[in-house]
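Trainee: I am new to this structure. Could we go through it together, with reasons for the terms we use?

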Amino acid sequence: MSRVIGLKCRECGAEYPAVIQNTCYECFGPLEVNYDWDFISDHIDKKKIEAGPKSIWRYADLLPLESEKRIDLGAGFNKLHHAQRLGAVLGLDKLYILDESVNPTNSFKDRVTSVAISKAIEFNVKAVGCASTGNLAAAVGAHAAKAGLPAYIFIPATIELGKIVQMLIYGPNVIAVEGTYDDANRLASEVADSHPDWAFVNINIRPYYTEGSKTLAYETAEQLNWQVPDHIVAPMASGALLCAISRGFKELERVGFVDNADVKVSGSQPLNCSPISSAVQKNSEVIPVRNFETVAHSLAIGNPADGYYAKKTILDSGGYAATPTDTEIIEAIHLLARTEGIFTEPAGGTTIAGLKKLVESGHIQHDERVVVYVTGNGLKAQDTLLKSLQRPPVIKPMLSEFERLSAPSIEIHKQHVTPLAHS
Amino acid sequence: MVKVRFSSALSNVTHSRETIIEVGNTTVKTVLDKLVQQFGPDFEKRILEKGEVRRFVNLYVNGEDIRHLSGLDSPVKDTDEISILPAVSGG
């Protein structure tokens with residue numbers, strides 16, 4: 001007996017064995033893991049989870065691995081901060097932030113990658129790979145290094161220098177592609193299709209990969225004493241993360257760990273690249289975007305694979321979607337850092353800026369318990385943030401020089417004058 | 001002579017990963033019509049639904065998604081390459 005029956009098409013329901021495959025041969029629909037929920041319900045134990053490792057693997061009974069051999073750098077089980085100072089600014093008493101910037105490679109992508117590379121080991125593949133806007137590349141590079149597997153990573157050539165440095169240090173084969181993420185992703189899809197014994201985490205083993213993000217929902221509920229929040233806000237690129245979090249809450253209800261999964265699900269995308277948010281706001285089809293430029297490189301996907309499902313998840317739950325501008329995204333990064341001590345990259349800024357807009361527009365109520373997912377670390381995007389900061393004043397090492405700087409704390413809070421990058 | 005490359009997800013219908021269509025300058029729709037003639041209704045039902053490209057099918061002309069061109073009316077030159085790929089990757 002196993003907790004995994006196989007794979008199942010989300011569109012037509014066609015079933016397949018648990019192999020390297022992401023597409024239904026009948027209708028081209030996406031495949032998802034088909035679990036034996038009776039088996040899981042009979043074997044899962046809340047106390048075992050609570051006594052388990054402080055990582056995503058405490059939830060192994062809800063993940064699609066067959067063996068105990070895991071590529072584990074320690075992703076997950078991160079702190080759910082009660083964000084009282086940010087909450088006070090936004091008028092939310094019960095605001096919580098799950099901080100993903102502290103994962104092994106500093107983004108939530110370590111969760112999905114740990115699951116996917118562990119699954120790739122089960123499939124006995126010769127290499128792993130991915131298409132990435134940067135964060136996934138670092139996660140795959142690190143986990144592939146730990147697994148001793150070669151990695152092929154396809155990125156758009158324009159992403160942040162900090163992310164390129166981080167991914168290169170792990171020694172994967174990085175291929176920078178002219179064009180957008182969608183171009184890199186298409187090329188990677190064709191490469192994956194030509195090498196059936198390579199596992200591309202977000203392409204041909206994507207059904208297993210996306211399962212890793214469900215652990216964000218599990219961790220949220222566990223840290224809220226096995227209760228679900230009223231409302232969550234997540235950033236959206238492909239839309240897979242938001243869908244997985246929603247699915248995670250529903251699964252906890254299914255196994256009886258929470259009383260209900262009535263969570264409003266809201267998303268945020270940068271205005272300049274917002275195919276899903278725009279579809280939610282207009283209640284229209286998700287229309288791919290071809291040309292876009294935004295500071296939120298990790299959310300810059302013009303043709304989101306899970307856009308259709310993300311829009312449906314949001315609207316079915318009673319949530320909404322925000323479209324902050326690049327300026328609002330940068331301001332939100334500053335706001336989060338200065339109120340909660342969490343330094344996030346523009347994807348996290350997009351989420352916080354989106355949260356602010358959703359509160360202001362009345363889509364999030366002031367008395368709701370809100371959980372926000374800050375998915376990546378600001379150190380990865382320093383070149384973007386330099387432009388919004390001022391180089392600190394330089395003085396001689398003399399007390400009189402310090403005293404001459406009148407009200408230094410006020411100066412520090414005014415650091416928006418001269419761009420550091422150009423000074 | 002238009003070269004068409006297929007995803008392995010179509011292998012049970014096309015039994016090969018690429019084919020050559022002998023047409024002059026034309027449209028994506030005409031190329032698809034020729035492919036349906038060649039591979040039959042099983043090919044058509046995987047790619048088209050009510051005359052439109054299915055939601056989870058991506059069709060590219062020289063690497064450009066036809067949704068960013070003119071859809072099924074997108075022009076195809078006789079030296080072009082068309083790729084048919086699943087849309088469910090990435091992110």
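Mentor: Gladly; we will talk about burial, backbone angles and the nonpolar core, keeping in mind that this is a predicted model.

Trainee: Why is A:Phe28 called buried?

Mentor: Around A:Phe28 there are 27 other C-beta atoms within 10 Å. The term asks for 20 or more, so A:Phe28 counts as buried.

Trainee: And what makes A:Asn283 exposed?

Mentor: A:Asn283 has 8 other C-beta atoms within 10 Å. The cut-off for exposed is 12 or fewer, so A:Asn283 is called exposed.

Trainee: Where does A:Phe28 lie in chain A, and what is the sign of its phi?

Mentor: A:Phe28 sits in the loop between β2 (15–16) and β3 (31–35) of chain A. Its phi is positive, about 70°, although A:Phe28 is not a glycine.

Trainee: Where is A:Asn283, then?

Mentor: Look in the loop of chain A between α11 (275–282) and α12 (307–317). A:Asn283 is not a glycine either, and its phi is positive, near 50°.

Trainee: Which residues touch the most other members of the largest nonpolar core?

Mentor: They are A:Val128, A:Val140 and A:Val201, in a core of 147 residues. Helix α10 (residues 240–254) of chain A gives the largest share of this core, eight residues. At least three residues come from each of domain 1 (1–43) and domain 2 (80–106 + 211–383) of chain A.

Trainee: What does A:Val201 touch, leaving out residues up to four places away in sequence?

Mentor: Its contacts include A:Val128, A:Val140, A:Ile117 and A:Tyr209.

How values were computed: Residues numbered from 1 in each chain as written. Chains lettered and ligands numbered in written order. Predicted model: local features only at pLDDT ≥ 70, side-chain atom pairs only at ≥ 80, totals over all residues. Core = buried A, V, L, I, M, F, W, Y, C linked by C-beta atoms within 7 Å. Helix = DSSP H or I, 4+ residues; strand = E, 2+ residues; numbered from the N terminus. Domains from an automatic or database assignment. Contact = placed C-beta atoms within 7 Å.
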